[in-house]
Amino acid sequence: MTDQPYFPGLANVPAAESSVCYLDGSIGKLQYRGYPIEVLSEKSTYEEVAYLLLFGKLPTRPELESFDAELRRDRTIKFRIIDMLKLLPESGHPMDALSAAVAAMGMFYPGDHVNDRAFLRECVVRLVANFPTVVAAWGRIRNGDDAIRARPDLGHAANFLYMLTGEEPEPLIAHTMDVALILHAEHQMNASTFSARVTGSSLADPYAVASAAVGTLSGPLHGGANEEVLKMLREIPDGKPSTVRAWAEDRLARKDKISGFGHREYKVKDPRATILQKLSQRVFEKHGSTPLYDVATELERQMAELVGHKGIYPNVDFYSGILYEKMGIPSDLFTPIFAIARVAGWLAHLLEQLENNRIFRPSQVWTGKADREFVTMDKR
Ligand code: ACO
């Protein structure tokens, strides 16, 4: 049928009914299961937010304690997955290593997830627990170092930093990582979440679902943007208004996208960027500022004048990279950190999808030629 309307990028086309995340991009309102992101990032922890997303309610104290204990127990990954990571080329992107390791997990933990709610819960908890372990292990193995065993006495965010660096982070840094994970944990029907729901709708196992979502998140128009932001800020010679203005005007004149700006949903500043920016300031006050932050704030000012009227403002990725760099994290691990957080959101959508599943099978607008006559090779 050629007379059907077509919406590139499926913009504004609902792909599911969902109660996981509420988003009103015209006023910058973001809520997980009805709780404002500002409140969750101030009063909650990543573990509690993961429970909220996955199971639809705030946990009681015993529920959270038991979920947290399951997460801590499941932090260890199979030694054969570590062996597999050791065989990958160290120059490869960590998102590819994560995707491969997560897909391989399906071979170690097979089962019938659709009919077995207990198995499904086990997979979900294991995936949330294992993502940081895989990313930290790869972050070390590629440098020729041994992976570090998880510390059961540390929270999810602090333990990730410990497994990556070998040092227990000081409380403000651990808190900042925890908040960054909360802010990235879920964001409605974005590309990687859609990917998770599509893969899940075929009744694929949850490891295949998570691996597919990691692949989708890796692109520079999605999770990969936080890495791009840092490269871009480093191109700007200094933070003087005239320098930054000239750089931005030149990029915009060439119709190049400026990473960390713009969002399909938000027409105002992304509320997550506002929260991360405030946290960055606290970290910089304590640990010293970075010239990139000054360049970034000036770029935000100039962009508001140049393209604010089009609704293009900083998104969550704009400040996350600067913050992670200050924590000493290599820039190609920024997107894997996004995945460590977002896995909870993907799996919340998977559980919701499976509650009332119908396999995704959209239509298309046909633009080709039909009924063509086959021409034999010698006559082409
Ligand atoms: N820099 C400059 N111009 C921009 C930007 C930007 N970052 N984003 C959008 N625009 C302009 C476009 O050029 C276009 O202008 P036009 O109407 O004059 O042609 C208009 O705004 C609409 O842009 P689209 O690309 O159609 O918007 P879409 O909703 O498809 O894309 C996206 C959203 C992909 C996020 C886009 O803004 C972008 O590429 N941003 C940079 C990459 C980035 O930061 N991605 C992270 C997104 S957040 C996340 O995934 C966590």
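Start with the ligand in this predicted model and select the protein residues around it: there are 18. The closest are K257, I258, F261, R264 and K310.

Next, show the side chains of K257 and H222 together with the ligand. A polar side-chain atom of K257 is 2.7 Å from a ligand oxygen atom. For H222, a polar side-chain atom is 3.0 Å from an oxygen atom of the ligand. Then turn on the backbone of F261, where an N or O atom lies 2.8 Å from a nitrogen atom of the ligand. With these contacts on screen, add a surface: on its own the ligand has 920 Å² of accessible area, and the protein covers 69% of it.

Now leave the ligand and select helix α3, residues 61-73. Does the distance between the ends of α3 agree with what its 13 residues should span, or disagree? At 1.5 Å a residue the expected span is 18 Å, and the end C-alpha atoms are 18 Å apart, so the two agree.

Within α3, colour F67, D68, E70 and L71, which are its buried residues. They lie on the same side of α3, because the arc they cover around the axis is only 155°. Rotate to the other side of the helix and pick R61, P62, E65 and R73, which are exposed.

What do the buried residues of α3 pack against? Select residues 46-55 and 117-141 to see the partners: these are α2 and α6, respectively. Keeping F67, D68, E70 and L71 coloured shows the buried set of α3 alongside the two helices that this set packs against.

How values were computed:
Residues numbered from 1 in each chain as written. Predicted model: local features only at pLDDT ≥ 70, side-chain atom pairs only at ≥ 80, totals over all residues. Heavy atoms only, no water. Helix = DSSP H or I, 4+ residues; strand = E, 2+ residues; numbered from the N terminus. Expected span 1.5 Å × (residues − 1). Buried < 20%, exposed > 50% of the residue type's maximum accessible area, 1.4 Å probe, protein only. Arc of directions from axis to C-beta. Contact = heavy atoms within 4.5 Å. Near = heavy atom within 4 Å. Polar contact = N/O pair within 3.5 Å; in protein donor to acceptor, adjacent residues only side chain to side chain. Areas by Shrake-Rupley, 256 points an atom, 1.4 Å probe, with all protein chains shown as cover.
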